Amino acid sequence: EANTPGAWYRGHRLVSLDGTTIDLPDTPDLEQRFGRPGASRGASSFPQLRLLTLTETGTHAIFAMAFGRYEVGEIRLAPDLLQQLQPGMLCLADRAFVGFELWRTATASGADLLWRVRKNQILPCRERLPDGSYLSRLYASPEHRRHDEGGLVVRVIDYRLEGVPGAEPLYRLVTTLLD
């Protein structure tokens, strides 16, 4: 592993799921295909496309991507892309992606996940672990949570960045790495 390009963690190849928008040349064909976002004075100067990638974290090499019109959200592009994950990968993602269906799709690939979640996401402690993290479950809906039906086990890690100017008061991650 040490001689292989890229970033590794505990035998996992680190990959990141991330999205952006890209300005395109100002042509009628591209405007029709991808659209043009609104702006304070009408429309923006350029058509834009929405791009979502799976990227090797160390090398920044993109190995899978999905794209669509600028108004298509990253969440809509994610399911097909997450199927490109493989066993041996550890996929990092920001808080926009955590949800029951996307988590289930990503874990079906055999990859492990480490995704940031919103600090107010409801993740009750089911078992406290020695390092202060805890086991919880993601559910398809609040009703499923109330009846404890069909939840997916996750490990929750809460942390703070002490002494870092501008840091949020609390950060929260969920992972498939339960040990």
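Where is His60 found? Select His60 in this predicted model: the residue sits in the loop between strand 5 (48–56) and strand 6. Its phi is positive, about 65°, although His60 is not a glycine. For comparison, most residues other than glycine have a negative phi. His60 counts as exposed because its relative accessible area is 61%, and the cut-off for that class is over 50%.

**The whole chain**

Zoom out to the full chain. The secondary structure consists of four helices and 12 strands. The C-alpha trace spans about 60 × 45 × 40 Å along its principal axes. Of the 179 residues, 39% are buried. The chain exposes about 10,400 Å², and carbon and sulfur atoms supply 51% of that area. Among contacts with a separation of 6 or more, 47% are between residues 24 or more positions apart.

**Strand 6**

Go next to strand 6, residues 62–69, and pick Met65, which is found there. Add Ile62 and Phe67 to the selection: with Met65 they form a nonpolar patch on the surface. Together the three residues have about 310 Å² of accessible area.

**Glu56 and Arg13**

Select Glu56 and Arg13 and show their side chains. They meet in a salt bridge, at 3.3 Å from N to O. The pair links distant parts of the chain, with Glu56 in strand 5 and Arg13 in strand 2 (residues 12–23), 43 residues apart. Is Glu56 buried or exposed? Glu56 is buried, since its relative accessible area is 17% and the limit is under 20%. Arg13 has 23% relative accessibility and counts as partly exposed.

**Glu168 and Arg95**

Another salt bridge is found between Glu168 and Arg95, whose closest N and O atoms are 3.3 Å apart. Glu168 is in the loop between strand 11 and strand 12, while Arg95 is in the loop between strand 7 (89–93) and helix 3 (100–108), so the pair ties together parts 73 residues apart in sequence. Glu168 is partly exposed at a relative accessible area of 25%, and Arg95 is partly exposed at 31%.

**Asp148 and Arg126**

Move to Asp148, in the loop between helix 4 (142–146) and strand 11 (152–159). This is another residue other than glycine with a positive phi, near 50°. Which residue forms a salt bridge with Asp148? The partner is Arg126, and the closest N and O atoms are 3.2 Å apart. Arg126 lies in the loop between strand 8 (112–117) and strand 9, and the two residues are 22 positions apart. Both ends are partly exposed: Asp148 has 38% relative accessibility, and Arg126 has 46%.

To see salt bridges that share partners, select Asp26, Glu31 and Arg36, which are joined into one network. The count of salt bridges comes to 10.

**Ser133 and its surroundings**

Select Ser133, in the loop between strand 9 (127–128) and strand 10 (134–138). Ser133 is buried, with a relative accessible area of 5%. What joins the side chains of Ser133 and Arg155? A polar contact of 2.8 Å does. Expand the selection to the residues that Ser133 touches, leaving out those up to four places away in sequence: Glu127, Arg128, Arg155, Val156 and Ile157.

**Leu177**

Keep Arg155 on display and add Leu177, because the two are in contact. Leu177 is in the segment after strand 12 (171–175). Its relative accessible area is 13%, so Leu177 counts as buried. Apart from neighbours within four places in sequence, Leu177 is also in contact with Tyr9, His12, Leu90 and Asp112. To set a distance across the model, pick the C-alpha atoms of Leu177 and Leu54: they are 20 Å apart in space, and the residues are 123 apart in sequence.

**Cysteines**

Finish with Cys91 and Cys125. Cys91 is buried at 0% relative accessibility, whereas Cys125 is partly exposed at 41%. How many disulfides does a search of the whole structure find? The search finds zero.

Note on methods: Residues numbered from 1 in each chain as written. Predicted model: local features only at pLDDT ≥ 70, side-chain atom pairs only at ≥ 80, totals over all residues. Heavy atoms only, no water. Disulfide = S-S within 2.5 Å. Buried < 20%, exposed > 50% of the residue type's maximum accessible area, 1.4 Å probe, protein only. Patch = residues over 30% accessible without salt bridge, like charges linked within 9 Å, V, L, I, M, F, W, Y side chains within 5 Å. Areas by Shrake-Rupley, 256 points an atom, 1.4 Å probe, with all protein chains shown as cover. Salt bridge = Lys/Arg side-chain N within 4 Å of Asp/Glu carboxyl O. Polar contact = N/O pair within 3.5 Å; in protein donor to acceptor, adjacent residues only side chain to side chain. Contact = heavy atoms within 4.5 Å.
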